[in-house]
Amino acid sequence: MNTTESSSLYDNLEQMDVATILQNINEEDKKVAHAVAKALPSIGSLVEGIIPRMQKGGRLIYIGAGTSGRLGILDASECPPTYGVPHDLVLGIIAGGDTAIRKAVEHAEDDFEQAWQDIQQHGFNAQDTVIGIAASGTTPYAIGGVKAAKAAGLLTACITCNSDSPLAAAVDFPVEVVVGPEFVTGSTRMKAGTAQKLVLNMISTSVMIKLGKVKGNKMVDMQLSNKKLVERGARMIMEATGLDKEKSESMLHQYGSVRAAVDAFHQK
């Protein structure tokens, strides 16, 4: 059922004052978390399928067009600095290539063959997981990509905001988060995009935790790429060791990560 293109529950938007517009958008946004909650069992099954594959050297690959593709790239690009993993462990691939991150590439999403060609540019192995992201669940780029990936023996999944879509029918693990009509009819960068972001957060975070990239509740392998993160890392070491700030910062610079510094302290 195609609810992402259903008519908005609101009309005459241009006649609303700003406060009313914001209130109504917020009312619609409140529905997103409830829709995600209903999909938790399917998200859980997907994550349980991903973890052992990544433990054996598999990667996580997101494919999508437009907003969906950009969200996949966002999630993938944040994994290396957050968890200290290689840049190619989680990949985000968008229809139309990197140009499409900032500017729409016409008809790129309609190419059924291109996603698999894009994936092959990065190489692949049988332990990889490919997740097609498409609010409508009808995007040819995503459908073609997961079908080819499945035929090659990869694990496949999707994140969509319609039920019983062609994309869901093509994968091993469909995740359907039905958020209902958008405030602006068909503007799936709104509730659908928010839902996709929440699910992506859940997938990558839970996978990284289970791959050992979090200790307690801390990002112990994060990259120390700016002053804020160095200060955060030093605080983590202070909490774990009882050392003062100066010594903690010294150990952080010496060993290069919170994990390595704390391990070195406990080995003394």
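**Exercise 1. Which residue in β2 does Gly64 stand opposite?**

Solution. Gly64 stands opposite Ile94 in β2. The model is a predicted one, in which local features need pLDDT of at least 70 and side-chain atom pairs count only at pLDDT 80 or more, while totals for chains, interfaces and linings use all residues. Residues are numbered from 1 along each chain as its sequence is written, and side-chain values use heavy atoms, with hydrogens and water left out.

Next, take the pairing. β1 and β2 run parallel and are joined by five bridges (two strands pair if DSSP finds at least two bridges between them). Helices (H or I, at least four residues) and strands (E, at least two) are DSSP runs, numbered from the N terminus.

**Exercise 2. State how β1 and β2 are placed with respect to the rest of the structure, buried or exposed.**

Solution. Start with the cut-offs: buried means under 20% relative accessible area, exposed over 50%, and partly exposed in between, with a 1.4 Å probe and protein chains only.

- β1 (residues 60–64) has five of its five residues buried, so the strand is largely enclosed by the rest of the structure.
- Leu60, Tyr62 and Gly64 point one way from β1, Ile61 and Ile63 point the other way, and all are buried.
- β2 has four of its five residues buried, so β2 is also largely enclosed by the rest of the structure.

For the whole protein, buried residues make up 45% of the 268 residues.

**Exercise 3. Describe the overall make-up and extent of the protein.**

Solution. The secondary structure comes to 11 helices and five strands. The C-alpha trace spans about 65 × 50 × 35 Å along its principal axes. Taking contacts (heavy atoms within 4.5 Å) between residues at least 6 apart in sequence, 68% join residues at least 24 apart.

**Exercise 4. Characterise the largest pocket by volume, lining and residue class.**

Solution. First the term: on a 1 Å grid over the protein atoms alone, a pocket is an open set of points where a 1.4 Å probe fits, with protein on both sides within 12 Å along at least five of seven lines, and lining residues have an atom within 4 Å of a point. A volume is the space filled by probe spheres set on the points, which are joined across faces, edges and corners.

The volume of the largest pocket is about 370 Å³. Its lining has 20 residues, of which Ala65, Gly66, Thr67, Ser68 and Glu109 are the closest to the centre. Helix α3 (residues 66–83) gives the most to this lining, with four residues.

By class, the lining has nine nonpolar, eight polar and three charged residues. Here Ala, Val, Leu, Ile, Met, Phe, Trp, Tyr, Cys and Pro count as nonpolar, Asp, Glu, Lys and Arg as charged, and the others, Gly among them, as polar.

**Exercise 5. Do the same for the second largest pocket.**

Solution. The volume is about 170 Å³. The lining residues are Ile73, Ala76, Ser77, Pro80, His87, Val90, Leu91, Gly92, Asp98 and Ile101. The elements that give two or more residues to this lining are α3 and β2 (90–94). The largest share, four residues, comes from α3. The lining divides into six nonpolar, three polar and one charged.

**Exercise 6. Compile the surroundings of Thr160, Thr241 and Pro174.**

Solution. A polar contact is a pair of N or O atoms within 3.5 Å; within protein, one must be able to donate a hydrogen and the other to accept it, and residues adjacent in sequence count only if both atoms are side-chain atoms.

1. Thr160 is found in strand β4 (residues 155–160) and is buried, with a relative accessible area of 0%. A polar atom of its side chain lies 3.0 Å from the backbone oxygen of Ala134. Beyond four places in sequence, the residues that Thr160 touches include Ser136, Ser165 and Glu176.
2. Thr241 lies in helix α9 (residues 227–241) and counts as buried at 14% relative accessibility. A polar atom of the Thr241 side chain lies 2.6 Å from the backbone oxygen of Ile237, and one lies 3.1 Å from the backbone nitrogen of Leu243. Not counting residues up to four places away, Thr241 touches Val262 and Phe265.
3. Pro174 is in strand β5 (residues 173–176) and counts as partly exposed at 31% relative accessibility. Leaving aside neighbours within four places in sequence, Pro174 is in contact with Ser42, Cys158 and Ala168. C-alpha to C-alpha, Pro174 and Arg189 are 20 Å apart in space and 15 residues apart in sequence.
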